[in-house]
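Biologist: I have the sequence and the model open side by side, and I would love a close look at one thing: how the pieces of secondary structure sit against one another. Please take me through it slowly, with the reasoning.

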Amino acid sequence: MFSFGAAMKILTRGLRPRAGSSEAVPTADRADGHGQGASLWRRRWLFCGLSAIAVQLGALVAFSTLQYHRYALTRDFGAYSQAWWAIAHGHLNPYDTLFGAPFWQNNAEFLMWPLALLYFPARSPLTLLVVQDLTVAVTEAIALCWALDVVSERFVRDDRVDDQAHANGIMGVALAAMLLDPWLYETTGFDVHFEPFTALFCVLMGRSLWLRQFRWLWLWVPLALSTNVFGGLCVAALGLSAILAKRSVRTGSALVAAGLAWFFFVIALHGAGVGGTVISTGYRYLTGGNSSNPFAIGVGLFTHPTAVWHLLSDRWVTALAFVVVFGFVGVASRWALPIVAVVFLPSMLNSSGIFFRLLASFQVWPALPFVLLGTVMLASSWLDRGGRGKVPERAGVVLLGSWLAVTIALAIPLLPSVWRTWIAVSPQASAVLARDAVRIPANSELIASQGVVGRFGDRTHVYPIMQPGRTYPLTGRPVYLLFAKDQGTGELTAAATQVEISFVQNRLRATPLDSGSGIFLFEWNPASGRQSLLLP
């Protein structure tokens with residue numbers, strides 16, 4: 001059986017520091033009869049950290065399982081499960097009816113094609129949620145190993161750990177930040193997205209660069225690019241970090257070139273956003289509405305400084321909330337600043353606010369592990385009393401204590417809100433939805449409220465009810481209409497939903513099939529030749 005431990009063994013294989021490497025932790029790990037204190041210290045932190053992350057993974061999977069069985073999944077999950085199901089059934093160029101474009105144009109998330117192979121063992125879309133949870137947990141585990149490398153490099157001398165209090169303090173607060181980070185739970189709670197996969201392969205790539213183990217890049221770089229069009233920007237950012245950190249100018253330059261080439265190539269194919277809509281609509285205020293060319297957008301950043309400043313000043317508090325859990329100062333690290341810039345700024349500068357908000361933390365998740373690691377690097381440098389940058393012991397305690405206090409202060413109010421936001425379907429309503437899922441034929445067209453439509457994505461024709469006044473294509477007879485009133489996240493108001501229910505009942509004369517706990521299911525046979533339906 002595939003386990004978390006097995007995943008860690010595979011992903012960390014070859015990433016151990018090489019003997020004789022200046023980036024290794026030679027005194028801690030060499031089998032020379034000495035240094036057992038440092039080796040024991042490292043093993044204990046690995047055991048404690050990986051055990052805690054494994055427990056966290058169990059909680060994430062339990063949450064995802066409950067969310068799945070409550071039918072508390074929205075349009076985004078429906079889009080990914082539809083593509084996953086279609087590719088597994090041989091439709092290699094699936095059309096995404098929930099977003100209205102070929103799936104590959106949904107940010108060029110080509111990793112979905114190999115992921116479709118996972119359909120066959122379980123044949124349940126729940127697999128996608130579990131894989132996302134595992135991906136986030138493994139990302140944390142790799143970040144933990146990298147943090148241990150950094151702390152060991154600073155505090156391990158002569159086969160022993162100098163200043164164990166500071167070394168343990170840095171590792172303890174970093175681990176606490178990982179476990180209490182509310183944005184991790186928001187990321188896994190909001191359906192399925194590919195940014196967590198981008199984060200995993202970028203952290204693996206970053207650690208390979210930090211250790212100067214460049215041979216692994218041939219694997220991590222293509223995987224990072226396959227996750228998302230913006231994975232190209234992340235690869236380019238890590239290449240710049242490698243140059244700034246003096247790992248390898250040649251390798252870093254190659255990564256910058258490869259990442260930017262991929263990014264502009266996908267944009268040229270209209271693969272950024274849904275059919276290129278992110279570029280074509282989100283930055284028109286920078287180009288006067290006349291161009292969606294990335295170069296024109298770049299020029300617009302300098303020719304429209306007032307508009308740029310307005311958006312940045314309006315969203316800086318959200319940006320601070322994202323990074324403060326991981327120590328904030330880590331943003332200034334050479335390993336964090338480039339990737340934070342390429343992940344945060346496109347979302348912050350997009351005219352649509354949906355890309356940069358606390359509920360959509362998955363959008364910035366690829367940069368957050370690097371903020372944590374940057375904070376670990378800077379704190380290790382400042383608190384290393386044997387190095388140049390001395391910080392008094394008392395100041396070190398204040399620094400680490402403040403970091404921990406801020407993390408706890410954010411976690412206490414925010415973590416319970418994850419449950420309220422993403423488990424927004426009552427047990428009674430989920431029982432009605434489960435009953436209706438059996439009644440709706442798999443090959444029929446379904447139009448359903450966006451807050452519960454996610455569970456119905458494994459069909460060819462399914463459409464979300466997102467806002468009033470939307471027109472839906474009619475692809476077959478009969479058509480099923482499913483409304484969730486006061487159930488699910490991101491729904492229409494109860495009054496707006498009631499207007500649509502009344503229209504379906506009284507104007508369309510649709511047949512009521514089921515109702516209860518705010519769930520209403522109708523069957524409608526439109527007149528022959530009718531091609532669309534406009535809901536009020």
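Modeller: Happy to! Let me start with a term: an axis is a line fitted to C-alpha atoms, for a helix over the stretch in contact, and the angle between two N-to-C directions can run from 0 to 180 degrees. Please keep in mind that this is a predicted model.

With that in hand, take helix H11 (residues 217–227) and helix H13 (residues 249–268). Their axes lie 11 Å apart and meet at an angle of about 25°. Angles under 35 degrees count as roughly parallel, and therefore H11 and H13 are roughly parallel to each other. The crossing of H11 past H13 is right-handed.

Now turn to helix H7 (residues 126–155) and helix H10. Here the packing angle is about 20° and the axes are 9 Å apart. That makes H7 roughly parallel to H10 as well. The handedness is where you should look twice: H7 passes H10 in a left-handed crossing. The contact between H7 and H10 involves 15 nonpolar, four polar and three charged residues.

H10 itself deserves a moment. H10 covers residues 195–210, and its 16 residues should span 22 Å at 1.5 Å a residue; the end C-alpha atoms are 22 Å apart, so the two values agree. H10 is also mostly covered, with 16 of its 16 residues buried. Just after H10, arginine 212 takes a positive phi of about 60°.

Next, the sheet. Five strands make up an open, mixed sheet, in the order E6-E5-E8-E10-E9. Strand E6 (462–465) and strand E9 (511–516) are at the edges; each has a single partner strand, so one side of each has no neighbour in the sheet. From one strand to the next, the twist averages 15°.

Strand E8 (residues 479–484) is a good place to stand and look both ways. Toward strand E5 (residues 445–449), E8 runs parallel, joined by four bridges. One pair you can find there is alanine 448, whose bridge partner in E8 is leucine 482. Toward E10, the pairing of E8 is antiparallel, over six bridges. In that direction, alanine 484 stands opposite isoleucine 519 in E10.

What about the faces of the strand? In a regular strand the side chains alternate between the two faces of the sheet. In E8, Val479, Leu481 and Phe483 are on one side, Tyr480, Leu482 and Ala484 are on the other, and both groups are buried. Six of the six residues of E8 are buried, then, and the strand is mostly covered.

Moving on to the edge, strand E10 (residues 519–524) and E9 are antiparallel partners over five bridges. Aspartate 514 has leucine 521 of E10 as its bridge partner.

One last stop lies outside these elements. Leucine 359 belongs to the loop between helix H18 (337–349) and helix H19 (368–383). Its relative accessibility is 32%, and because partly exposed covers the range between 20% and 50%, leucine 359 counts as partly exposed. Leucine 359 is 62 residues from threonine 421 in sequence, with 8.7 Å between their C-alpha atoms.

Conventions
Residues numbered from 1 in each chain as written. Predicted model: local features only at pLDDT ≥ 70, side-chain atom pairs only at ≥ 80, totals over all residues. Heavy atoms only, no water. Helix = DSSP H or I, 4+ residues; strand = E, 2+ residues; numbered from the N terminus. Expected span 1.5 Å × (residues − 1). Buried < 20%, exposed > 50% of the residue type's maximum accessible area, 1.4 Å probe, protein only. Parallel < 35°, antiparallel > 145°, perpendicular 65-115°, else oblique. Left-handed = near helix turned anticlockwise from the far one by under 90°. Nonpolar A, V, L, I, M, F, W, Y, C, P; charged D, E, K, R; others polar. Pairing = 2+ DSSP bridges.
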